[in-house]
Amino acid sequence: MCGLAGFLFESREGNKFNFESTLKKMSNAIIHRGPDDSGEWIDKSNGLGLTHRRLSIIDLSKAGHQPMISRSGRYVIAFNGEIYNHQEIRLEIEKLNNTYMWRGYSDTETILEAFEIFGIEESLKKFTGMFAFSLWDKEKESLILVRDRIGEKPMYYGWQETNKGDVFLFGSELKALKCFPEFNDEVDRGSLTLLLKHGYIPNPYSIYKGIFCLEPGTILEVSLNNTKPKVSNYWDSSKIIKDRINSRYQGSPSDAVRELHNLTMSSIKRQMISDVPLGAFLSGGIDSSTIVSLMQAQSSAPIKTFTIGFNEKGFDEAKYAKAIAMHLGTDHTELYVTAEEAMKVIPDMPSIYCEPFADPTQIPNFIVSKLASEDVKVVLSGDGGDELFSGYSRYYHIEKMWKNLSYLPMPIRNSISKTIKFALNESIHSNNKMNNIKRKLISGANVLGYKSLDQLYSHVISQIHSPEDVVKHGYQKESKLDHLKPNFGVTEPIELMMATDTVNYLPDDILTKVDRAAMRASLETRVPFLDQKIIDFAWSLPMSYKFKDGVTKWPLHQILKRYVPEKLTKREKMGFSVPLHEWLRGPLREWSENLLNVDRLKKEGYFNESIIERKWKEHLTGNFNNITFLWPILMFQAWLDDQ
């Protein structure tokens, strides 16, 4: 796991630029992603500069130093990630060239040689792993950016105007791009609107105007001869979902469990390869417990596991994690965090997340990453299980809601909806509790008018339903959550919601949260469930295999039963959260009021201050829980302070 950044000038005037100084600044901005080593590569004649920060995991020697040049001299790469099957690819290369002498045993060298022999796109199809990299092709004089299939590793890019001419910037985090002289940091109000709606900014957008996030499974190519970035897919998750649904698994449920067990065991075995200490996050839930169980089954020594707990009622899963750790015999570390300790990290969130990000679980994720980094440099995580095996309870609640709505013809639903909204808009209540009831009824009336499950799901997962009213000059950009939504070929309501989350929520929220939190602690995270073979297999399974006998994620439960008694795992999913809504009224009140100050909001000009003032006052009464409205705004305001 590493970090990279760089730039490519459109004009030859760029050769008069101070390459070395700028690359050093860009590199230092992401030192947390790779504190072990750094390097630069410069080609002034082509206006190109690359910088790399290294977190040494495989091949700790100088042979793994980057940027790395291929043996032939054609390619120069700055690589972030891990290729788990690179030893298999080396054997394939050696069969074709048995005289080849490797310089070291890093996966970066394997990547470069694979490009020489198989070509870039064919090599990408062979790679199993998580990665984002920049590649300079000296022969074609072109720059290539690539991001892994599902979006575990980040990559940002975009053209900017400078007094030296236009320059193409790219890097693992926006803070590296921002170090470039004359960087235009204008906030994109369409992206800000999306942030308020979803709590994150969906790809391919970023918070900055003209700067984009490379989509998962894509290759971008740009050159001085063709300055318009050419983006193409080498892997398309929506197509994979469609293909696998149209080619269902034909085995029995028990066959499926056996095959999934083998696939997951193989994925974990590959991902446990490391030249540095390795461990796992353990929350006590099904996903992380399954990962840890299969890790321990393949290890002769106790696996190091990490969890944090909170003393607040309803927010603590640490006791369950401890019980599972004791049963499996892991080397377990737990840390109980007070509210005061948790709140201390909140001011760091803007610098941890290179753009405003508003999933409140970012707080415990960073704390547990920091805890793990004190003992290990790599952890395995159970992320992805909910999206692949139908674990979120909202899927089942929304499916039931949609079935009930569908019984009523659309004209009747529209009529009821209009009547309710008219009656409530005509009534005025001074009582806060009555206003809260009124708001819920209006929300329910809006739901009655939805014509499709897509519309209903979008409503439920939206944090703010009319964000363009909150953002001054705000507008809603098209995204894969609405107008640009792929055709998944799905007829099952739950599968449609799972597919939506797989291409949006998983890469843009879950994986972003994990990557930034862990990387801030210089910790590499690996996600075994997101192995491409497991993704393929999961989407081929019928829904009746995923939700069976009243149990969600049924195949994972069956696997876990082999290692852990059901009494330790059979309970309602809690999630990994903190009581933010209470903290805002108490110890975080002063911090919040400073960020939401009406005069400040007017001066900055991003938000409709009257709406925010009303929502904040409502929240303070204790009769309203407006945390989903307030947190994205607070995270943007805090991020703005950090700029």
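# A tour of two sheets and three helix pairs

Helix H18 passes helix H20 in a right-handed crossing. This is the opening view of a predicted model, and the tour continues from this helix pair to two others and then to the sheets.

**Stop 1: H18 and H20**

Select residues 453-461 for H18 and residues 493-503 for H20; the two helices pack at an angle of about 50°, with their axes 11 Å apart. H18 and H20 are therefore oblique to each other. By class, the contact of H18 with H20 has five nonpolar, one polar and two charged residues. To display the contact, show the side chains of Leu453, Asp454 and Tyr457 on H18, which meet Pro493, Leu496, Met497, Thr500 and Asp501 on H20.

**Stop 2: H7 and H22**

Next, select residues 237-245, which form helix H7, and residues 532-540, which form helix H22. Their axes come within 8 Å and cross at roughly 45°. That angle makes H7 oblique to H22. The crossing of H7 over H22 is right-handed. From H7, the residues to display are Ile240, Ile241, Arg244 and Ile245; their counterparts in H22 are Asp536, Trp539 and Ser540. The residues of this contact between H7 and H22 divide into four nonpolar, one polar and two charged.

**Stop 3: H2 and H3**

Move to helix H2, residues 86-96, which packs with H3 at an angle of about 45°, the axes being 10 Å apart. H2 and H3 are therefore oblique to each other. Here H2 passes H3 in a left-handed crossing. On the H2 side, select His86, Ile89, Arg90, Glu92, Ile93 and Leu96; these meet Asp107, Glu109, Thr110, Glu113, Ala114, Ile117 and Phe118 in H3. By class, the contact of H2 with H3 comprises six nonpolar, two polar and five charged residues.

**Stop 4: from H3 to the sheet beneath the selection**

Keep H3 (residues 107-118) selected and add S4, strand S5 (75-83) and S6: H3 lies across these strands, running at about 125° to S5. The strands belong to an open sheet of six, in the order S4-S5-S6-S7-S11-S12, with antiparallel pairing. Strand S4 (68-69) and strand S12 (230-233) stand at the edges with a single partner strand each, so one side of each is left without a neighbour in the sheet.

Within this sheet, select strand S6 (residues 129-137) and strand S7 (residues 142-147); six bridges join the two, which run antiparallel. For a specific pair, label Ser134 and its bridge partner in S7, Leu145.

**Stop 5: the second open sheet**

Now display the six strands of another open sheet, ordered S2-S3-S1-S9-S8-S10 and again paired in the antiparallel sense. At its edges stand strand S2 (37-43) and strand S10 (212-213), each with a single partner strand, so one side of each has no neighbour in the sheet.

Strand S1 (residues 2-9) may be examined against both of the strands it pairs with here. Five bridges join S1 to strand S9 (residues 167-171), and these two strands run antiparallel. Label Leu8 and Phe168 to see one bridge pair, with Phe168 in S9. With S3, S1 pairs in the antiparallel sense over seven bridges. In that pairing, Ala5 stands opposite Thr51 of S3.

**Stop 6: S3 and its hairpin with S2**

Centre the view on strand S3 (48-54). Seven bridges join S2 to S3, the two strands running antiparallel. Ile42 stands opposite Gly49 in S3. S2 and S3 form a hairpin with four residues between them, and Gly47 in the turn has a positive phi of about 70°.

Is S3 covered on one face or on both? Both of its faces are covered. Colour Leu48, Leu50, His52 and Arg54 for one side, and Gly49, Thr51 and Arg53 for the other; all are buried. The count for the strand is seven buried residues of its seven.

**Stop 7: H1 over the second sheet**

Finally, select helix H1 (residues 19-29). H1 lies across S1, S2, S3 and S9, running at about 35° to S3. With H1 shown beside S3, the selection combines a helix lying across the sheet with a strand that is mostly covered.

Note on methods:
Residues numbered from 1 in each chain as written. Predicted model: local features only at pLDDT ≥ 70, side-chain atom pairs only at ≥ 80, totals over all residues. Heavy atoms only, no water. Pairing = 2+ DSSP bridges. Contact = heavy atoms within 4.5 Å. Axes fitted to C-alpha atoms, helices over the stretch in contact; angles between N-to-C directions. Buried < 20%, exposed > 50% of the residue type's maximum accessible area, 1.4 Å probe, protein only. Parallel < 35°, antiparallel > 145°, perpendicular 65-115°, else oblique. Left-handed = near helix turned anticlockwise from the far one by under 90°. Nonpolar A, V, L, I, M, F, W, Y, C, P; charged D, E, K, R; others polar.
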